Amino acid sequence: MLFAEHLSKSFGPNDVLQDVSFIVGDGERVGLVGPNGGGKSTILRLLAGDQKPDTGEAGWRGGALGYLRQEAGLQDEQTLLEELWLAFPEARQIERELEEIAGQIERGEGDLDALVDRQARLFEAFEAHDGYRIEARIGRVLDGLGFEPGDDRRLCGEFSGGWQMRIALAKVLVRKPENVLLDEPTNHLDATTRAWLAGELLEWNSSILIVTHDGDFLDRVVTRVLDLRDQAVQSYAGNYSQYQRQKADRLQAQDQAAARQERELEKQQRFIDRFRAKATKTSAVQSREKQIAKVERIERTRKEAEVHFELSATGRTERDVLMLKHVGHAYDEDPVLVDVNLHVERGQKVVFVGPNGGGKSTLLKIAAGLVSPTEGAVEWAERARPGYYDQHQDEALEAGRTVLDEVRTVAAGEVDTKLRTVLGQFLFKGDDVFKPIRVLSGGERSRVALAKFLIQPTNVLLLDEPTNHLDRTTRRKLIEALKGYEGTIVCASHDPGIVEDIATRVYEVKDGGLAEILSKRKE
């Protein structure tokens with residue numbers, strides 16, 4: 001069971017949570033939703049004990065806790081298999097002791113009978129911890145998350161950021177703890193892997209709290225939704241779609257009740273204003289004034305703040321914007337791309353799809369000049385001004401800088417007034433621009449990274465999973481802006497909104513190759 005009792009938490013002058021209480025019962029799967037920066041990740045950290053509340057209590061009861069954070073937190077020098085064994089510290093310790101005893105027996109050290117007796121008891125303990133089936137469990141989870149045979153022998157530091165997050169997720173899944181906190185578990189997963197993860201969680205009898213902007217995933221998995229708004233939590237029964245309908249109905253009813261109350265109060269106020277000076281009505285006027293003073297006002301619903309930005313291309317390129325000619329690339333002896341050819345013309349919006357690890361990100365980095373291809377050539381138009389957005393752009397932000405200082409690093413010469421105007425479009429208003437990067441939520445960091453990227457003059461956008469970490473409103477606004485962008489776009493994405501609404505050409509990157517699977521006339 002996961003619980004929060006009268007939680008309050010502030011960071012400096014900013015109140016994040018006020019008197020928040022809820023329970024996630026045994027076997028219950030619950031989604032936690034709300035705007036970026038609203039405190040969702042803070043709630044998970046309080047439940048896990050990573051942070052202490054100002055008032056109240058939070059935690060879990062009954063069994064172990066598994067927690068997927070937004071940072072992988074892996075040991076780069078460990079192999080993938082060694083890292084996953086860290087999820088079983090008791091079994092791992094027993095295994096070490098068995099290895100030590102086996103060595104002592106082999107060397108003839110110590111009391112043989114005592115060693116054999118100790119070894120037998122350890123074998124029983126290892127069986128009790130399901131030790132003989134751990135590697136089979138690890139193999140099943142790695143297969144479900146899309147890892148290839150042999151990946152378990154690779155060092156964690158060799159994997160990309162997205163795959164490292166899959167390893168962190170695997171560490172939670174292989175343990176199958178009684179209490180589970182998942183912070184954005186689907187951000188780096190393709191459709192196939194998201195479906196597998198949903199099916200996996202449905203089979204568990206654990207208490208699960210999930211923070212994600214993926215409404216489709218929540219529809220598959222959860223039976224209740226906690227909505228975190230304005231420092232408080234509201235509970236809704238059902239999945240994400242049912243939550244949206246219930247919330248819309250509740251807000252409509254609240255607005256209607258507020259309107260009725262306003263009309264009644266206006267009626268009473270007109271009576272008071274009309275008869276205030278009339279001696280015979282003094283008693284009635286005073287009575288109504290007292291009644292009005294006691295009324296608890298029903299607030300009208302407030303529209304949530306939304307990001308607002310536009311994308312404009314700086315300058316016009318030649319017709320042939322980008323040419324990749326016979327490009328190949330390998331990491332060590334592992335070929336990722338083989339003889340890839342691509343011709344991108346001005347105004348085209350090209351989207352790469354395909355399995356994780358298939359080479360989409362590598363292809364974008366080669367085009368951006370961040371990776372030199374093993375073979376082949378990259379040719380850009382003379383007037384092209386490409387800008388590259390990495391799917392882990394938010395991780396490159398300097399934790400000690402303020403939001404304003406971070407954006408200033410790519411806008412030399414720009415006055416602060418302009419920078420603050422841009423940041424205001426990304427919902428960093430007033431003193432928010434002086435917040436340190438380290439206190440921001442994952443979604444807020446993504447908005448800073450997006451602001452940094454978009455403030456730079458470009459006429460070609462190279463985008464690697466740009467909608468990862470964004471809340472639903474910011475994602476929608478970005479897709480709208482990309483749709484109206486007059487420059488050229490080359491993008492890798494699993495997001496169906498980008499593939500369906502933006503792409504004029506779709507290429508599948510798979511098995512080292514690049515194949516066009518869809519071509520649409522530019523509207």
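**Aromatic clusters, buried residues and backbone turns in a predicted model**

Ring pairs join Phe147, Phe159 and Trp163 into a cluster. The model examined here is predicted, and this cluster makes a convenient entry point into its interior. In total, the count of aromatic pairs comes to 9. One of them brings together Phe126 and Tyr132 in an edge-to-face arrangement, with 4.9 Å from centre to centre and 90 degrees between the planes. The two partners differ in their surroundings: Phe126 is buried at 5% relative accessibility, whereas Tyr132 is partly exposed at 48%. Within the cluster, the rings of Phe147 and Phe159 have centres 5.9 Å apart and planes at 75 degrees, so this pair is edge-to-face too. Phe147 and Phe159 are 12 residues apart, and each sits in the loop between helix H5 (134–144) and helix H6 (161–175). What is the relative accessible area of Phe147? The value for Phe147 is 5%, so the residue counts as buried, the limit being 20%. Phe159 is likewise buried, with a relative accessible area of 6%.

Stepping back to the whole chain, the fold contains 16 helices and 18 strands. Its C-alpha atoms occupy a box of roughly 110 × 75 × 40 Å along the principal axes. Of the 523 residues, 47% count as buried. Contacts across the sequence are well represented: among those with a separation of 6 or more, 69% involve residues 24 or more positions apart. The accessible surface amounts to about 26200 Å², and carbon and sulfur atoms contribute 46% of this area. The chain carries 72 positive and 88 negative charges, and the mean positions of these two sets lie 11 Å apart.

The cysteines deserve a brief word. A disulfide is a covalent bond between the sulfur atoms of two cysteines. How many disulfides does the structure hold? The number is 0. Two of the cysteines can be placed by their accessibility: Cys156 is buried with a relative accessible area of 0%, and Cys491 is buried with a value of 1%.

Cys156 also appears in the surroundings of Thr79. Thr79 is located in the loop between strand E5 (65–68) and helix H2 (80–85). At 17% relative accessibility, Thr79 falls under the 20% limit and therefore counts as buried. Leaving aside residues up to four places away in sequence, Thr79 touches Asp152, Arg153, Arg154, Leu155 and Cys156. The contact list of Thr79 thus includes the buried Cys156.

Which residues does Val321 touch, not counting those up to four places away in sequence? Val321 belongs to strand E10 (residues 320–331) and is buried, with a relative accessible area of 1%. Its partners are Val344, Glu345, Arg346, Glu379, Trp380, Ala381, Val460 and Thr488. The C-alpha atoms of Val321 and Gly347 are separated by 9.0 Å, with their positions 26 residues apart along the chain.

Helix H13 (residues 416–425) offers a view of helix packing. The buried residues of H13 are Leu419, Val422, Leu423 and Gly424. These buried residues pack against helix H12 (403–408) and helix H14 (442–454). After H13 comes Leu427, which has a positive phi near 75 degrees. Leu427 is not a glycine, yet its phi is positive. The residue is placed in the loop between H13 and H14. Is Leu427 buried or partly exposed? At 22% relative accessibility, Leu427 lies above the 20% limit for burial and so counts as partly exposed.

A positive phi is also found at Glu184, near 55 degrees, again in a residue other than glycine. Glu184 is situated in the loop between strand E6 (179–183) and helix H7 (191–202). In contrast to the partly exposed Leu427, Glu184 counts as buried, at 7% relative accessibility.

How values were computed. Residues numbered from 1 in each chain as written. Predicted model: local features only at pLDDT ≥ 70, side-chain atom pairs only at ≥ 80, totals over all residues. Heavy atoms only, no water. Helix = DSSP H or I, 4+ residues; strand = E, 2+ residues; numbered from the N terminus. Buried < 20%, exposed > 50% of the residue type's maximum accessible area, 1.4 Å probe, protein only. Contact = heavy atoms within 4.5 Å. Areas by Shrake-Rupley, 256 points an atom, 1.4 Å probe, with all protein chains shown as cover. Lys, Arg positive; Asp, Glu negative; His and termini not counted. Charge placed at Lys NZ, Arg CZ, Asp CG, Glu CD. Disulfide = S-S within 2.5 Å. Phe/Tyr/Trp six-rings, centres within 6.5 Å; stacked < 30°, edge-to-face > 60°.
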